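This report describes how one helix is placed in a small set of packing relations, and how its residues divide between interior and surface. The sequence and the structure come first.

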Amino acid sequence: MPRDIPNVMTHTQAVEYFENEIMPDIRIIENMSDGHPDWPMRCESWNNWTDSLCKDRVISNWQYANWSHPPSCGD
């Protein structure tokens with residue numbers, strides 16, 4: 001656990017939040033287009049969100065650079 005971040009988020013917590021709070025909106029957008037998963041949009045959303053977590057000091061630079069994408073991103 002990074003010492004300079006008081007309440008660091010774990011990968012498991014991040015994936016759970018992403019799946020429950022962010023993916024529903026992505027699925028709505030996908031359903032409004034062709035109804036198929038938009039893998040690049042999903043990955044970009046994960047990357048943008050984890051970038052914001054890093055900038056807000058919720059996760060460390062190492063976590064941001066080394067975390068894998070969640071299953072909903074096709075990884």
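A nonpolar core is here a set of buried Ala, Val, Leu, Ile, Met, Phe, Trp, Tyr and Cys residues joined through side-chain atoms within 4.5 Å. In this predicted model, the largest such core has 15 residues, and those with the most contacts inside it are Met9, Ala14, Phe18, Trp46, Trp49 and Ile59. Helices α1 and α2 each supply at least two residues of this core, and α1 gives the most to it, with six residues. In soluble globular proteins, nonpolar side chains tend to be buried together.

Helix α2 has 17 residues and reaches 24 Å from its first C-alpha to its last, which is close to the 24 Å expected at 1.5 Å a residue. At its N-terminal end, α2 is capped by Asp38, a side-chain oxygen of which lies 3.1 Å from the backbone nitrogen of Met41. Beyond the helix comes Arg57, whose phi is positive, near 60°.

The buried residues of α2 are Arg42, Cys43, Trp46, Trp49, Thr50, Leu53 and Cys54. Because they cover an arc of only 145° around the axis, they are on the same side of α2, and they pack against α1 (11-32) and α3 (61-66). Pro40 and Lys55, by contrast, are exposed on the other side of α2.

Two of the buried residues can be followed through their contacts, in each case leaving aside residues up to four places away in sequence. Trp46, already named among the core residues with the most contacts, is in contact with His11, Ala14, Val15, Phe18, Trp67, Ser68, His69, Pro70 and Cys73. Arg42, which belongs to helix α2 (residues 39-55), touches Phe18, Met23, Ile26, Arg27, Glu30, Pro37, Ser72 and Cys73. Phe18 and Cys73 therefore appear in the contact lists of both Arg42 and Trp46, contact being taken as heavy atoms within 4.5 Å.

How do Arg42 and Pro6 stand with respect to burial, buried or exposed? With a relative accessible area of 7%, Arg42 is buried, because it falls under the 20% limit; Pro6, in the segment before α1, counts as exposed because its 68% is over 50%.

| Residue | Place | Relative accessible area | Class |
|---|---|---|---|
| Arg42 | helix α2 | 7% | buried |
| Pro6 | segment before α1 | 68% | exposed |

Pro6 and His69, the latter one of the contacts of Trp46, are 63 residues apart in sequence and 24 Å apart in space, C-alpha to C-alpha.

Conventions:
Residues are numbered from 1 along each chain as its sequence is written. This is a predicted model: local features need pLDDT of at least 70, side-chain atom pairs count only at pLDDT 80 or more; totals for chains, interfaces and linings use all residues. Side-chain values use heavy atoms; hydrogens and water are left out. Helices (H or I, at least four residues) and strands (E, at least two) are DSSP runs, numbered from the N terminus. Buried means under 20% relative accessible area, exposed over 50%, partly exposed in between (1.4 Å probe, protein chains only). The expected span of a helix is 1.5 Å times one less than its number of residues. The arc is that of the directions from the helix axis to the C-beta atoms. A polar contact is a pair of N or O atoms within 3.5 Å; within protein, one must be able to donate a hydrogen and the other to accept it, and residues adjacent in sequence count only if both atoms are side-chain atoms.
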